[in-house]
Amino acid sequence: MSVLVYTESENGKFKKNAFEVASYAAAVAKQMDTSVTAISFNASENESLGTYGVSKVLNVSNENLKTFNAKAFANAISEAVAKESASVIIVSSSTDTKFLAPLMSGKLQAGYVPNVVAAPESTSPFTVKRTAFSNKGFAQTQINSDIKVIGVSNNAFGAHENATAVSVENFSPSLSDADFTTKSIEVDKVVGKATIADADIVVSAGRGLKGPENWGMIEELADVLGAATACSKPVSDLGWRPHGEHVGQTGKPVASNLYIAIGISGAIQHLAGVSSSKVKVVINTDPEAPFFKAADYGIVGDAFEVVPQLIEKLKEFKAQNA
Amino acid sequence: MKILVCISNVPDTTSKINFTDGDTKFDSNGVQFVINPNDEFGLTRAMWFKEKQGATVHVANVGLATTEPTIRKALAIGADEAIRINAEPTDGFFVAQQLAEVVKNGGYDLVIAGRESIDYNGGMVPGILATLLDMNFVNTCVSLEVDGTNATAMREIDGGKEKIATSLPLIIGGQKGLVEESDLRIPNMRGIMMARKKALNVVEPVDASKATQDTKFEKPEAKGAVKLVDNVDDLINLLHNEAKAI
C-alpha cells in the first residue's frame, strides 16, 4: 500500500511539476504512514526525486515512449500500480496528464479528482480540496473507490525538500501494438520559451492593445521577465493571437506567481481563469475596469506609455539584481 | 458515420456562483443554463460532418428533466435525435458508465464530448468512456478530420499542438478550435420549430457506482483592495520587496 507518483519529464529532464507532485505524494504518504514510489519515462537524474521524499523510482527506458502516448503511458502506470500495490496515485495537472489520468481512472475503476490545491483533509475517508466552477469556487471531494487518482494543480502545493534515500529500478511494462492505436505524427511546439502552464510569470494583453501589430512590446516585456505570453478571449476570437494563448473560463487556467494584465478590462470569465495566480498586476486606462477589484497592484494609464517604461526600468532592475 | 455528442447542462459563463443548503449544493437560483461551451464547439463540428459527410448526429445528456431546454437547443442547432439519461450527474465515473450504455446500444462511430464541463471541471468523462468501450481517444482536441475509418486530429499540448493519426471508433474531448467562436450557431425559428418534433428519448440509468462525492463547497476569499501606483518604479519596488514576485 504505497503512494505512486507519475513524475513527468521532457527530453529526459524532469519538469518543474515533477518535484511538486513528488512533494505532494510525500505529504500523502506521511499521512498514510507509507512510502513514495515514482514512475518516470526515459528520465535521467532519477535520483533527484529523493530530494523531494521519493524512496523508489521505477524508470521506464523505452524508445517507443520517447513521445508521449496517453494510452501506453496510462497502461504502463497502471501496471506499476499493481506491482507496487499502490492505493493512491498522484499526477500533475498538465495537458498530457489530463489526457492519461481519465484512462487510468477507467482502467483501475479509480475515482479521479483533478485540480487539487491542498494536501488531503483526511485520508479516511479520503477527502481533498479542489477548484470547481472554473476557479469561481472550491469543492471538498471525497473519493470512495479503493484506488484513488489525485491531480495536483500547478503551482498550488509547491515543491518541498525532504531528503530521502532513493533507489532506482528499471521497469519494463508489457505494452502491445494495441497501446499505440493513436499515433503522434507531428509536434509543433515553441522551444526555449516559458509556457502558460509552467511559467512563473505570465504577461497577458487584451483589446486595449488595439491590434495584433502592437504585441511586440508585450513579447519584449515577457522576454525581460522570462514570462509566457497570454491574451483575453476577444483577442483570440479576433485572430490577433493563437487560441493556445487564450486564458479564462473556456481557455486555459493560469496559476502563475505573477500575472500582468495589460489592456484587459476583466470579464468575469477571465477573472475566474486567472484567480489561482498569486499576484496580479493590472495596467488599464479605465480606472473603473472590473479587473482592478481583483488585482493586487495597478497602474491607471495608457499601455502604450506604461509598458515601454516598464520594459526599460525592468531591464535596469534585472541588470542590478543579476 | 454515426456521431454521438455528449452535452452537459451548465451555468452560463457569466454566472456568479453561490452555494446553498449549508454550502453542500450549487445554488441554481436565477442562473441561466446553457450547453457546456466545450460541448457546443463539438456539436458545431458534428453539424459540419452532417452537412459535408452525411453523418447522423445524436446528442446525449445525463440529467433530470430540468435539462430538457438545453437538449432542445442542441436539437434546434441541428442534431437529429436526443437521449436523456434520467439521473443527476454528480460524479464523472457514474456519468461515463451511463453514456457507455448509450454508445454500446447506439453503435456510434464517433463520440464527441467536451474536454471538461465548466461547472464541476472533472474533465474525465470522455477518457473513462474510451476505456470502458475500448475506443481510441484524443483529448483537448482542436481539429478533427475523418476519412473513411481514418481520423486525423490535432490536440493542444502545453506550448503548442500535436497532430495525431488514429481511427474510428473514436472518442474526443473537444474544445475551442474544433470550430471557431464565430462558427457557433444561434438556433433560428425554423430550427426551434423542428426541434419540437424531434425525438427526445428518456431512458432510466443503469446501475453504476459513484467513485467520488462533493461534500462541501466554498467561494474564494474576498480580495483585499488594489494598491494603485502612478509610476513603474514604485510598481517594480512593490513587486520585488513586498510581493517577492520578481
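How many of the nine residues of α4(B) are buried? The legends below take up this helix first and then move outwards through a predicted model.

**View 1. Helix α4(B) and its surroundings.** Seven residues of this nine-residue helix are buried, and α4(B) is thus mostly covered. You can pick them out as V125(B), P126(B), G127(B), I128(B), L129(B), A130(B) and T131(B). Both chains help to cover them: chain A contributes α3 (95-108), while the cover from chain B includes β1 (2-6), α3 (92-106), β8 (110-114), β9 and β12 (170-174). Just past the helix, look for D134(B), which has a positive phi near 55°.

**View 2. Where chain B touches chain A.** Here 64 residues of chain B are in contact with 72 residues of chain A. On the chain B side, the elements that give two or more residues are α1 (37-53), α4 (125-133), β9 (136-147), β10 (150-157), β11 (160-167), β14 (212-218), β15 (227-228) and α6 (232-242). The largest share, eight residues, belongs to β11(B). Sorted by class, the chain B side has 28 nonpolar, 19 polar and 17 charged residues.

**View 3. Strands that pair across the two chains.** Which strand of chain A pairs with β15(B)? Strand β18, residues 297-300 of chain A, does so in the parallel sense, over two bridges. To find your way around this view, start from Y297(A), which stands opposite K227(B) in β15(B).

**View 4. Chain A on its own.** This chain has seven helices and 18 strands. Its C-alpha trace spans about 60 × 40 × 40 Å along the principal axes. The radius of gyration of chain A is 21 Å, which agrees with the value near 20 Å that a compact globule of 322 residues would have. Within chain A, 57% of the 322 residues count as buried. Among its contacts with a separation of 6 or more, 65% join residues 24 or more positions apart.

**View 5. The two domains of chain A and the contact between them.** The domain assignment gives domain 1 as residues 3-180 and domain 2 as residues 201-321 of chain A. Taken over C-alpha atoms, the centres of domain 1 and domain 2 of chain A are 32 Å apart. Eight residues from domain 1 and nine residues from domain 2 of chain A make the contact. What kinds of residue does the domain 1 side of chain A bring to domain 2? By class, that side has one nonpolar, six polar and one charged residues.

Definitions and conventions. Residues are numbered from 1 along each chain as its sequence is written. Chains are lettered from A and ligands numbered from 1 in the order in which they are written. This is a predicted model: local features need pLDDT of at least 70, side-chain atom pairs count only at pLDDT 80 or more; totals for chains, interfaces and linings use all residues. Two residues are in contact if their C-beta atoms, placed from the backbone, lie within 7 Å. Helices (H or I, at least four residues) and strands (E, at least two) are DSSP runs, numbered from the N terminus. Ala, Val, Leu, Ile, Met, Phe, Trp, Tyr, Cys and Pro count as nonpolar, Asp, Glu, Lys and Arg as charged, and the others, Gly among them, as polar. Two strands pair if DSSP finds at least two bridges between them. The radius of gyration is taken over C-alpha atoms; the globule rule is 2.2 Å times the number of residues to the power 0.38. A residue is buried if 20 or more other C-beta atoms lie within 10 Å of its own, exposed if 12 or fewer, and partly exposed in between; C-beta atoms are placed from the backbone. Domain bounds come from an automatic or database domain assignment.
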